[in-house]
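Here is a short briefing for a first look. Keep the sequence and the 3D view open while reading.

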Amino acid sequence: MTTFDRILEGTPLDEATWIEVSDFCAWLHVERHWIASLVEAGLLEPRGAAPDSWSFPASDIARVRAAARLVRDLDVNLAGAAVILDLLEERRRLERRLALLERLLEQ
Amino acid sequence: MHYKDYYQVMGVPRTASQDEIKRAYRKLARKYHPDVSKEKDAEERFKELQEAHEVLKDPEKRAAYDQLGPDWRPGQDFRPPPDWGKGFEFSRGAPGEGPGEFSDFFSELFGSRSPFGTAHGAGRGHRGYAAAGQDHVARIEIDLEDAFRGGTRTIELRTPELTADGHVMVKPRTLRISIPAGVTEGQQIRLAGQGSPGLGGGPPGDLLLEVSIRPHPRFRLEGRDVTVTLPVAPWEAALGETVSVPTLGGPVEMKLPAGARAGQTLRLRGRGLPGQPPGDQLVLLRIVLPPDSPRARQLFEQMKREVPFDPRATSGQ
């Protein structure tokens with residue numbers, strides 16, 4: 001049997017965990033000006049007034065990665081990626097809702 | 001190694017112009033992009049498409065690929081010709097992001113060790129050059145109870161590693177991780193430094209665990225809210241009795257409002273998945289008749305006689 005000398009503690013990337021802009025950039029391996037352009041495109045909504053004091057919900061990490069993939073693969077600009085991500089979010093919400101209602105109807 | 005028909009993958013004739021190839025790529029990329037697509041095999045199709053596009057968009061690579069001739073069938077056993085790449089001028093640009101993940105066919109013809117590849121991984125071996133390791137993403141499936149309580153789990157991962165001679169080898173590794181209470185479907189957990197090692201002294205990448213929660217026979221999850229269907233007797237609903245309701249944290253007592261209706265949803269605040277704010281438990285009432293018996297029948301007969309009631313009087317039927 002394998003024994004473990006330690007148990008890894010992860011950071012949940014959810015909307016309740018807020019990350020400062022420097023960590024946010026480091027975790028994503030991106031430059032700060034790129035994050036600033038995402039904010040400008042309305043793709044991210046940071047807390048804090050000045051760029052140096054921005055913080056972001058950790059759930060935005062997945063959003064930034066997806067935006068980067070969309071920009072790279074589909075040749076859309078950031079505003080386009082923001083629209084796609086919002087619509088995808090809405091689609092997921094509606095799918096969950098639909099699945100729930102379908103199961104309730106079956107009973 | 002099997003031959004890949006890149007023209008077939010992109011759905012264009014061998015005579016297609018570079019513009020047609022670009023348009024075909026964009027159209028198919030929209031259809032199969034894993035972030036957007038609902039197709040079952042989207043990820044695989046998109047990878048194939050990227051590979052085909054990587055070759056066909058580049059006039060040099062395309063010309064070399066075309067020289068293999070039009071007579072190959074997709075999947076046919078293939079060996080590159082001994083003079084592969086001879087007579088072409090190459091621009092040794094930085095390799096695209098994909099090649100490591102592309103097929104053997106691609107790696108052999110256009111990968112880092114082919115005439116088209118970047119010499120000795122240029123850009124990586126430079127003195128003073130350091131880069132962070134790649135982040136890895138792995139999916140873990142947990143039970144709803146684990147999401148509620150949190151706990152430690154042992155996970156086995158198969159990690160692809162690049163060997164010294166440039167091949168990809170899959171290495172198994174086992175990690176013991178702590179699952180925080182209140183994780184939700186699709187949420188990621190970041191394990192710092194558990195991704196690929198960094199290059200030239202750069203920091204290692206992270207491991208991102210994407211949580212998927214197994215369907216539960218009794219509770220249904222929507223975000224942090226948990227829904228349960230609760231069967232109640234007609235008199236419990238009519239009289240508004242206190243009943244026991246299963247929740248993830250164990251059974252709780254709930255007072256039904258007098259005259260509760262079937263299909264009505266009652267909310268137990270804060271009894272869903274923990275978080276800030278915690279989710280609620282939604283209790284959907286389902287009215288169940290008692291099993292048939294002479295006594296039950298007798299009482300229903302009595303109600304029929306003594307309680308004037310037409311359930312359809314107001315429903316417009």
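Which residue forms a salt bridge with B:D280? The partner is B:R267, and the closest N and O atoms of the pair are 2.7 Å apart. B:D280 sits in the loop between strand 10 and strand 11 of chain B, while B:R267 is in strand 10, so the salt bridge ties together parts that are 13 residues apart in sequence. This is a predicted model, so every value here is computed from predicted coordinates.

**Salt bridges**

- Side chains of opposite charge can pair when their charged atoms come close.
- Over all chains, the count comes to 26 salt bridges.
- B:D280 counts as buried, at 9% relative accessibility. Its partner B:R267 counts as partly exposed, at 46%.
- One salt bridge crosses between chains, joining B:D35 to A:R69. The closest N and O atoms of this pair are 2.6 Å apart.
- B:D35 lies in the loop between helix 2 (18-32) and helix 3 (42-56) of chain B. A:R69 lies in helix 3 (residues 60-74) of chain A.
- B:D35 has 18% relative accessibility and counts as buried, because the cut-off for buried is under 20%. A:R69 has 31% and counts as partly exposed.
- B:R153 pairs with B:D146 in another salt bridge, with the closest N and O atoms 3.6 Å apart. B:R153 is partly exposed at 24% relative accessibility, and B:D146 is partly exposed at 23%.
- B:E54, B:K57, B:D58 and B:K61 are linked in a network of salt bridges.

**The four-stranded sheet of chain B**

- In chain B, 4 strands form an open sheet with mixed pairing. Their order is 6-7-11-10.
- Strand 6 (220-222) and strand 10 (265-268) of chain B stand at the edges. Each has a single partner strand, so one side of each is left without a neighbour in the sheet.
- From one strand to the next, the twist averages 30°.
- Strand 6 and strand 7 (residues 225-232) of chain B run antiparallel and are joined by 3 bridges. In one bridge, B:R220 has B:T227 of strand 7 as its partner.
- Helix 4 (residues 78-106) of chain A packs on this sheet. The helix touches strand 6, strand 7 and strand 11 (281-287) of chain B. Its direction makes about 155° with that of strand 6 of chain B.
- Strand 10 of chain B also holds B:R267, the salt-bridge partner of B:D280.

**Strand 5 of chain B and its partners**

- Strand 5 (residues 207-213) of chain B is mostly covered, with 6 of its 7 residues buried.
- Strand 1 (residues 136-142) of chain B runs parallel to strand 5, and 7 bridges join the two. B:H136 stands opposite B:L207 of strand 5.
- Strand 4 (residues 188-191) of chain B runs antiparallel to strand 5, and 4 bridges join them. B:I189 stands opposite B:L209 of strand 5.
- Strands of a sheet pair through backbone hydrogen bonds, either parallel or antiparallel.

**A nonpolar surface patch**

- Which residues make the nonpolar surface patch of about 540 Å²? They are B:L289, B:F300, B:M303, B:V307 and B:F309.
- B:M303 has its place in helix 8 (residues 294-306) of chain B. This residue is partly exposed, with a relative accessible area of 46%.

Terms used:
Residues are numbered from 1 along each chain as its sequence is written. Chains are lettered from A and ligands numbered from 1 in the order in which they are written. This is a predicted model: local features need pLDDT of at least 70, side-chain atom pairs count only at pLDDT 80 or more; totals for chains, interfaces and linings use all residues. Side-chain values use heavy atoms; hydrogens and water are left out. Two strands pair if DSSP finds at least two bridges between them. Axes are lines fitted to C-alpha atoms, for helices over the stretch in contact, and angles run from 0 to 180 degrees between N-to-C directions. Contact means heavy atoms within 4.5 Å. Patches are made of residues with over 30% relative accessible area and no salt bridge: like charges are joined within 9 Å, nonpolar side chains (Val, Leu, Ile, Met, Phe, Trp, Tyr) within 5 Å. Accessible areas come from the Shrake-Rupley method with a 1.4 Å probe; for residues, only the protein chains shown count as cover. A salt bridge is a side-chain nitrogen of Lys or Arg within 4 Å of a carboxyl oxygen of Asp or Glu. Buried means under 20% relative accessible area, exposed over 50%, partly exposed in between (1.4 Å probe, protein chains only).
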